[in-house]
Structure formats: structure tokens, C-alpha cells
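Student: I would like a close look at a single part of this structure. Please take one hairpin and go through it slowly.

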Amino acid sequence: MSFQVYNSFSKKKEPFEPLSEGVVRMYNCGPTVYSRVHIGNWRAFLFADLLRRWLEHEGYEVRQVMNITDVGHLTDEMADEGEDKIEAQARREGVDPWKISETYAGQFLADAVTLGCKEAMVYPRASDHVPQMVEMIEALEKSGHAYRTGENVYFDVTSFENYGALSGNKIDELDAGARIEVNEEKRHPADFALWKSDEHHLQKWDTVFGPHGFPGWHIECSAMARAHLGDQIDIHTGGEDNVFPHHECEIAQSEAFTGEQFARYWMHTKFLQVDGGKMSKSLGNVWNVDDVLERGYEARALRFALLRGHYRQPLNFTWDILAESARALEGLDDLAQRLLRKVDGEDAGEEEVAAAATEFRDSMNDDLNVPKAVAALFTLRGEVLEGAVEGAGAQAALDLLAEADAVLGVLELEPAGGGAEEDAEIDALVAARNAARDAKDWAEADRVRDELNARGIVVEDTADGGSSWFRK
RNA sequence: GGCGGCAUGGCCAAGUGGCUAAGGCGCUGGAUUGCAAAUCCAGGACCCCCGGUUCGAAUCCGGGUGCCGCCUCCA
């Protein structure tokens, strides 16, 4: 089975075929760094990492670009106030807006490492691509897709026939006045800003459009995707909230500029809910990576919790499901440790392992069906515990776990620590405990067991009165 | 008001026309144990509601209810 992806542009699953054989050009909408990236954001970014890893698993060279938006965007109506989210945060913290974006961008990258994300080819900053944006805007103006009003430049949505094809919105049915005042200087209420000007803005550039300008929200992604991946890309990802207007506008400006299809596949992640509803500052449930670590969970538990649900299904985050994820992971860690002790046995269970491997791969190939792929691993665990997998089968199972982990990035497969010397020491302690048990000295037996437990050693008593042990 | 998505056992979550509806976590009973842990066996679903299509629906269609997203920056 080849890789099938649900393309949110065509609204159906399609076989994945890149433009260039063996190479995937992928652009992931990254964070706007005006505050700490939260776990909802991470759902989208971890998905991007998972997708990249699966593509690599399938043998592709992945050119992954994840942007970092470090320039605040003004909504048209806020222009009078001269403030956007980055500037607002800057004022709140009493520092320069550039300091804000630098600080939060740094935290974002650090969190990415904590959560086990593979490093993207590049994390371009919007502020470093102003010339590329200006180039596109000027060309769009020249070709009649954009128009200037004073020192502002707008994209004329009526000039782009397919505007609305991604989101399903129709220009005339967008209720422009529903939540905001219609901007009088736009020809059509749905026209969007490519470039804005405001002398009070803090992050601004002197360009052909005027001395106090800054980019509209959408142009940066078009410019950065083009700068790093070329006029056409294979995959563009983002959260479902980006579909409209962000991605719709990107398509319009990029395709109007190049005359070619912008992205072949669009993939959008559903929102993460918290406690059954949306997360919000007022509810105090906008958690970030540190909140999770401070509660004693490993980062991989969060990674697993956010990846184990299908990306196109809503996922409800609670502390309970995080705890559950951590426990489920322990089951797989345990599986690996058990398998390590079985590789020397008589070969058995190779067919079962092969079936699990096929199930895992087919599930991932089916639009990254992680829940089903993970279930295949747990089914295999049941077979291993029944004693059906030994020797070559156990080795194959370990190989499968390693393969799965290269994609999921959440397992602990290393043989748990300790050298021969420590092993001998533990053997002696276990023997001492058994001697105490034989003497019915339960207090001493339990004391030794507690000591072993404290060192991460699990002792399993067998029916014949003996004991075996392994590292947790 | 317009557009789109979701609703499966206590919790999480696959399955999208047809064997006894995967899997995880938890729970209950039993086996084993000195007690535990681990493991094994056993136990749980009117698939949101109401209609309809069909030989047959969790799966398709219509209506309802609830939740989520977008239409303003937002993963």
C-alpha cells in the first residue's frame, strides 16, 4: 500500500506523489511568536513532525520548512490603534517587540527539542523575507491582482477565480460585516491586505510602498515557501483554523503570482480541546510544555497523547488522558524489555510479528492512522506475553518497535542500564530474598524487594517458587 | 446569518454497508502469590435521538440535539 493522504483541498484521500521523484517539499505553518506556544499549537507541529518522519520512512528526502512569524499583524481595523499581538505583548512586558519574538521563538525551538521533533531544514523568519514579499506584491500589482490605496496594498479577490476553492466560502456570501467594520478603502470587503502602513507601528520597513510599512498576514508564507522550496510545493500543513482566510489567501496570491498550482496537498489538523471545550486564558487551561513537565510527566507522554488520536479527529486533552498515555507507553517499554530477554529463545512467532508490521505500515500509509497503527503494536504485545514470540520472532518484534519509534518518537527501547557486575549484584539480592522467603522471613523478603524496586528492578515470582527480574 | 467538522462501552479511540464492533487505560470476579507486583482466564456497547433507503447500517440519506472550528489575530 502506498501513502494515501486526505487532501483538504480536494476533500478526499489521494495517493501521495511528489513533484520530484524521491523528494518532498513541505511547508508547515509554524507559530506566531507573541507568547509561549501551547499544547494546542503543538498538536499541529507534532503532526508536521510525524508526517515528515513517515515520509522519510517511505524513503523520501523531506525538505521541511516551518516558518516562525516574528512580525505582528494588524487587522485592518486595529491599524488606527497601531497595535498587534506582538506589540501588545511588548507593551505588557515593557520591552522591545523584537525582544518578544526572539524570546518566544527561542522557547518554541527549545520545546521542539524537548518534544522530540526532528529539526526542520529551515525555520525562516518573516522579518528576514521582506524583499521577497515586496517582490511578489509589486508583481501582483503590475498584473492587476493587487491595488494600492495610499501606502497600503490590497489583493483583489475578484481577480482570482478560484478564491474560495479551499474553504468552500463564496466571496459574496462571506458576511464581511458580521464581526468587523468594513474597511472603506477596500474595493471588495473580502480583499485582504498585502502591505500596510502605519507610522506608529514599531516593526516597520521603508519600501517602495512607503517608509512605515509592514506585511499583511498572508504574504509572508507565500514568500517564504517560494524562497525556500520554489514556486510549487508538495504539502502544506496547518491547523484547521488556517484554512480560511490564511491558506485561501496564500493560494490566491501565490497562484496569481506564479500562474501555477501552489501546493498539491493541503493537510489540516483538527483543534485540540481541553476538558471538553476550547482552551482559553479565562479558563486557565492554556497549558504549555513546562506545565506538563512540572506535573511530573515526561515530554514523550505529551507527545504520545497529542499524536495517538487521528489528526483529523478532534482531540480532547485532559490530565487524565495524559496519565493514561504515560501508562500505555510503559506497556510498550515493558514489551521491549521482555523481548530483549527472549531473543535467545527458540525461534517462534515470526508470522505474528510480520502481520503486526504490515498492520502498522498499512495503517500509517492510510492517512497516518496512528490509533490503528499503535493498536497493532499492542496486539503484538499480547502475543508476546502469551509466550508466542521468541528468538528470531523476538528480534523481528524489536526491529518493528524500532521502526515504529523512528516514526512516533515516544518509545524507550534501549536495554535498561547496568553491566555484568550490577547484574551479579542483583542476582545476589534476588537470591537473598528467596532465601528469606524460604525461611518465611517476610519482613526481610519485602525489604529486599523494596530495595530492588527502588533501583528500578521488577521481581517476578514464578509458580515454582523461584523468581526472575528485569529492569523497568 | 453563511461555510465546515465531530458524536462508538467508565475514560481514550479504530472501524464508514454484511463474520461474535479493533486496541489502550481503568474497573469487577477468578487463577497464581506469604502479601504484592507482573502475568493468565472471565466480565461490559440499545454505536447521541427520530425517521428513511437497503435483503442487510455504527457505517448511506433527511430531520433533531449537543460540541468544535472558520467567517477578526489564532495550530
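Tutor: What follows is a walk through the hairpin at the start of chain A, with its setting at the end. This is a predicted model, in which local features need pLDDT of at least 70, side-chain atom pairs count only at pLDDT 80 or more, and totals for chains, interfaces and linings use all residues. Residues are numbered from 1 along each chain as its sequence is written, chains are lettered from A and ligands numbered from 1 in the order in which they are written, and side-chain values use heavy atoms, with hydrogens and water left out.

Strand β1 covers residues 4–7; strands (E, at least two residues) and helices (H or I, at least four) are DSSP runs, numbered from the N terminus. Its partner is strand β2, residues 12–15, which runs antiparallel to β1 and is joined to it by four bridges. Two strands count as paired if DSSP finds at least two bridges between them. One of these partnerships links Val5 of β1 with Glu14 of β2. Four residues lie between the strands, and in this hairpin Lys11 has a positive phi near 65°.

Now the faces of β1. In a regular strand the side chains alternate between the two faces of the sheet. Here Val5 and Asn7 form the covered face, while Gln4 and Tyr6 form the uncovered one.

As for the setting, chain A comes to 14 helices and 15 strands. Of its 472 residues, 51% are buried, meaning under 20% relative accessible area, with exposed over 50% and partly exposed in between (1.4 Å probe, protein chains only). The C-alpha trace spans about 95 × 50 × 35 Å along its principal axes.
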